[in-house]
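Me: I am new to this one and would like a friendly walk through it. Could we look at it together, step by step?

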2 protein chains.
Amino acid sequence: MIKRSEFIQVQQRAADMIRAAGVQLTAAEAARIDVVDFGLSRVAVEGVQVFTMFATERISAKVLVMLPHQTEPEHWHPPVGEDPGKEETIRVIAGTLNFYIPGVDTLRHGWVPPGKESCYSCRHEIVMKPCDQLTLRPGTKHWFQAPAEGAVFYSFSTCVRDGLDRFTDPAIVRQTQIIEDLELLAAKS
Amino acid sequence: MIKRSEFIQVQQRAADMIRAAGVQLTAAEAARIDVVDFGLSRVAVEGVQVFTMFATERISAKVLVMLPHQTEPEHWHPPVGEDPGKEETIRVIAGTLNFYIPGVDTLRHGWVPPGKESCYSCRHEIVMKPCDQLTLRPGTKHWFQAPAEGAVFYSFSTCVRDGLDRFTDPAIVRQTQIIEDLELLAAKS
């Protein structure tokens, strides 16, 4: 869970990073950037920020933001009915994105969040810079992380069904729970 | 058809407009921007420039450039086998894009290229500015045009099969033919 005040603060920071990367956003779009803590209640360590340009039954385009030193937990997109699972292409806009997929352990620039070794099985590292692209076949396990400068990148994909994503970390709950700040509520009443 | 020298000149101009709009391109990417004249041999009047970020069997992301006063001819994306046809979402990055779809005639800001009235049946005008989006259902006829400032915009879609697009103008050939400049060839030999 995340406090409303922190949610808004992180959302604003993500909007600033997206705009600094050269992508224009309306005020209404900035206000619907999603801040995801994966139910782990430490969004600055494990989390992601998502601006969904649009999502239909067939395709979706998003801009994702990783804060400096933030890690998105390992996950994959399983088959759903006749859909073989979400196919996703990443393209970096700004910053550096350390991306991890199955393969030979080449992890050098990034790190597994301390105490979470069992929840991050992929150790094949791809260091991505602006204009670098990567297409993930459906079902491929992956996680990613930003070093000190953070990262802004596109995620283009087939139909998004975030609620069905599978995570290696059993503690994860995909839906972020926002709790109202007691101080704010008190101030309102 | 288009001369190699003009192709390269328009390609460079499109790359400049894309970068000025805040989208980064590598030199290799700039060099594969497609300049499309639809076989009409007057690309500055009827044409489009296309940077394909990627295209898979399921999805594609492109950045399109319309030069000032350039018009993309009316077309639609027909069904192909079990595919109901290409679904496409447009999002403007820079400039102004006048977009035309079926509906009440509201054409006020744009114009039909002189002498081509029968080739542009859609007259319902949508004037699009940066951050404006539009999703086209498969099979929807459409054409678009940039006024004096030109336009740079995303086109996100399901599987691209440009060669199967249908055009209202019977004179159109989708594949652009590039002819080598005789002067350039002479200089090389």
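**A walk through the strands and the pocket**

Me: Which residue stands opposite B:Y100 in β10(B)?
Reply: Happy to start there, and please keep in mind that this is a predicted model. Strand β7 (residues 97-101) of chain B holds B:Y100, and β7(B) pairs with strand β10 (residues 142-145) of chain B in the antiparallel sense over three bridges. Across from B:Y100 in β10(B) is B:W143.

Me: And in β8(B), what is the bridge partner of B:L97?
Reply: β7(B) also pairs with strand β8 (residues 124-128) of chain B, again in the antiparallel sense, over five bridges. There, B:L97 has as its partner B:M128.

Me: Which residues point the other way from B:L97, B:F99 and B:I101 in β7(B)?
Reply: In a regular strand, side chains alternate between the two faces of the sheet. β7(B) is mostly covered, with five of its five residues buried. B:L97, B:F99 and B:I101 point one way, and pointing the other way are B:N98 and B:Y100.

Me: Turning to chain A, which are the edge strands of the open sheet of five strands?
Reply: The order of this sheet in chain A is β8-β7-β10-β5-β12, with antiparallel pairing. An edge strand pairs on one side only, and that holds for β8 (124-128) and β12 (166-167) of chain A.

Me: Which residue stands opposite A:E72 in β10(A)?
Reply: Strand β5 (residues 71-76) of chain A runs antiparallel to strand β10 (residues 142-145) of chain A, and three bridges join them. Opposite A:E72 in β10(A) is A:F144.

Me: What radius of gyration does chain A have, set against a compact globule?
Reply: Chain A has three helices and 13 strands, and its C-alpha atoms fill a box of roughly 55 × 35 × 35 Å along the principal axes. With 189 residues, a compact globule would have a radius of gyration near 16 Å. Chain A agrees with that, at 16 Å.

Me: How many of the residues that line the largest pocket are charged?
Reply: The largest pocket holds about 370 Å³ of space. Its lining has 15 residues, and the closest to the centre are A:R58, A:T158, B:E57, B:R58 and B:T158. By kind, the lining divides into three nonpolar, two polar and, for the charged ones, ten.

How values were computed. Residues are numbered from 1 along each chain as its sequence is written. Chains are lettered from A and ligands numbered from 1 in the order in which they are written. This is a predicted model: local features need pLDDT of at least 70, side-chain atom pairs count only at pLDDT 80 or more; totals for chains, interfaces and linings use all residues. Side-chain values use heavy atoms; hydrogens and water are left out. On a 1 Å grid over the protein atoms alone, a cavity is a set of points where a 1.4 Å probe fits but cannot get out, and a pocket is an open set with protein on both sides within 12 Å along at least five of seven lines; lining residues have an atom within 4 Å of a point. Grid points are joined across faces, edges and corners, and a volume is the space filled by probe spheres set on the points. Ala, Val, Leu, Ile, Met, Phe, Trp, Tyr, Cys and Pro count as nonpolar, Asp, Glu, Lys and Arg as charged, and the others, Gly among them, as polar. Buried means under 20% relative accessible area, exposed over 50%, partly exposed in between (1.4 Å probe, protein chains only). Helices (H or I, at least four residues) and strands (E, at least two) are DSSP runs, numbered from the N terminus. Two strands pair if DSSP finds at least two bridges between them. The radius of gyration is taken over C-alpha atoms; the globule rule is 2.2 Å times the number of residues to the power 0.38.
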